[in-house]
Amino acid sequence: VILVDAGPLIALLDRGQGALHRQCRSVPPTLSGALITTWPCLTKALYFLGDLRGWAAQKALWRLLECKAVFLHKPSPAESQRIAALLAHYHALQMDWPQASLVSLAEVRHLTTIWTLDTAFARFKIHDRHAFDIVSC
Amino acid sequence: MWYWEGLSANRICFEDVMSHQPSFTLPEPLYLALRQRARQQGMTMMQLLASLVAEAPEATEPTLAARLQGLIGVIDSRAEPQYPSAKRSPFGQIWAADLEQQGLRRP
């Protein structure tokens with residue numbers, strides 16, 4: 001299972017993103033596992049796509065979930081506490097809620113690979129120790 | 001096909017009677033959980049393992065690329081007119097600025 005951030009999801013759906021779209025669409029055939037994301041990342045992508053193309057674009061994102069191309073993680077109360085701790089720990093790097101949610105999910109599910117366009121993940125550590133294996137476009 | 005399940009301490013052996021396939025060892029908690037589940041379902045441990053493998057997503061479900069078929073590039077933010085959103089929230093603008101820094105073309 002591979003973590004996926006908002007950026008690649010948007011770039012996959014929107015061919016208007018040009019070179020970034022073409023680079024991202026070449027990634028899925030190289031991945032052997034399923035994709036999983038979090039509610040904060042989905043929210044971020046929904047806002048962006050909504051401004052881009054309204055409901056039609058948001059619906060395309062929902063289709064990724066309906067077709068089980070992307071799975072949505074439902075956090076436990078304990079994960080909320082971990083997200084708060086991560087935000088505190090990385091406040092100097094201005095970690096935001098979606099970023100923290102992905103780091104927390106990596107810890108809970110024992111995942112190490114993330115597909116993201118966000119270079120900040122090179123500085124975040126799983127359990128404060130292990131670096132992510134980053135798949136980028 | 002005939003199988004023999006040999007049990008000793010935390011060791012569980014699955015052996016094909018005819019071809020003498022190799023056995024393997026499970027940790028004690030996993031072994032006990034497997035045995036309990038098999039008894040509950042009226043199966044041998046081999047039958048339970050076989051059923052779990054048969055239900056494994058990797059064995060039956062399409063690949064990620066196959067699932068994405070027909071969904072990639074379904075919108076074109078360059079060719080089509082920008083969505084006439086009357087109000088754009090500050091929240092959405094913050095995310096858009098962040099994603100723009102990651103290389104995405106902003107709405």
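The paragraphs below go through a predicted model, beginning with a sheet in chain A and ending with chain B.

Chain A contains an open sheet of 5 strands, paired in parallel and ordered β3-β2-β1-β4-β7. At its edges lie β3 (70-72) and β7 (133-135) of chain A, each of which pairs on one side only. Averaged over the sheet and ignoring direction, neighbouring strands are turned by 35° against each other. Strands of a sheet pair through backbone hydrogen bonds, and the pairing may be parallel or antiparallel. At the β7(A) edge, the partner is strand β4 (residues 113-115) of chain A, and the two pair in the parallel sense over 3 bridges. One position in this pairing can be named: A:Thr113 has A:Asp133 in β7(A) as its bridge partner.

Towards the other edge, helix α3 (residues 39-66) of chain A lies across β2 (35-37) and β3 of chain A. The helix runs at about 125° to β3(A).

Helix α4 (residues 77-89) of chain A shows a division between buried and exposed positions. This helix has 13 residues and reaches 19 Å from its first C-alpha to its last, close to the 18 Å expected at 1.5 Å a residue. A:Glu79, A:Ile83 and A:Leu86 are buried in α4(A). Viewed down the axis of α4(A), the buried residues fall within an arc of 60°, so they line one face of the helix. The general geometry is that an α-helix has 3.6 residues a turn, so residues three or four places apart point the same way. What do the buried residues of α4(A) pack against? They pack against α5 (97-109) of chain A. On the other side of α4(A), the exposed residues are A:Pro77, A:Ala78 and A:Gln81.

Helix α3(A) also meets chain B. Its axis and that of helix α5 (residues 90-101) of chain B come within 9 Å and cross at roughly 95°. Because angles of 65 to 115 degrees count as roughly perpendicular, α3(A) is roughly perpendicular to α5(B). On the α3(A) side, the residues in contact are A:Thr43, A:Lys44, A:Tyr47, A:Phe48 and A:Asp51. They meet B:Phe91, B:Gly92, B:Gln93, B:Trp95, B:Ala96, B:Asp98 and B:Leu99 in α5(B).

Chain B itself has 5 helices and 3 strands. From the N terminus on, its elements run β-β-β-α-α-α-α-α. Of its 107 residues, 25% count as buried. Among contacts in chain B between residues at least 6 apart in sequence, 20% join residues at least 24 apart.

Note on methods:
Residues numbered from 1 in each chain as written. Chains lettered and ligands numbered in written order. Predicted model: local features only at pLDDT ≥ 70, side-chain atom pairs only at ≥ 80, totals over all residues. Heavy atoms only, no water. Pairing = 2+ DSSP bridges. Helix = DSSP H or I, 4+ residues; strand = E, 2+ residues; numbered from the N terminus. Axes fitted to C-alpha atoms, helices over the stretch in contact; angles between N-to-C directions. Contact = heavy atoms within 4.5 Å. Expected span 1.5 Å × (residues − 1). Buried < 20%, exposed > 50% of the residue type's maximum accessible area, 1.4 Å probe, protein only. Arc of directions from axis to C-beta. Parallel < 35°, antiparallel > 145°, perpendicular 65-115°, else oblique.
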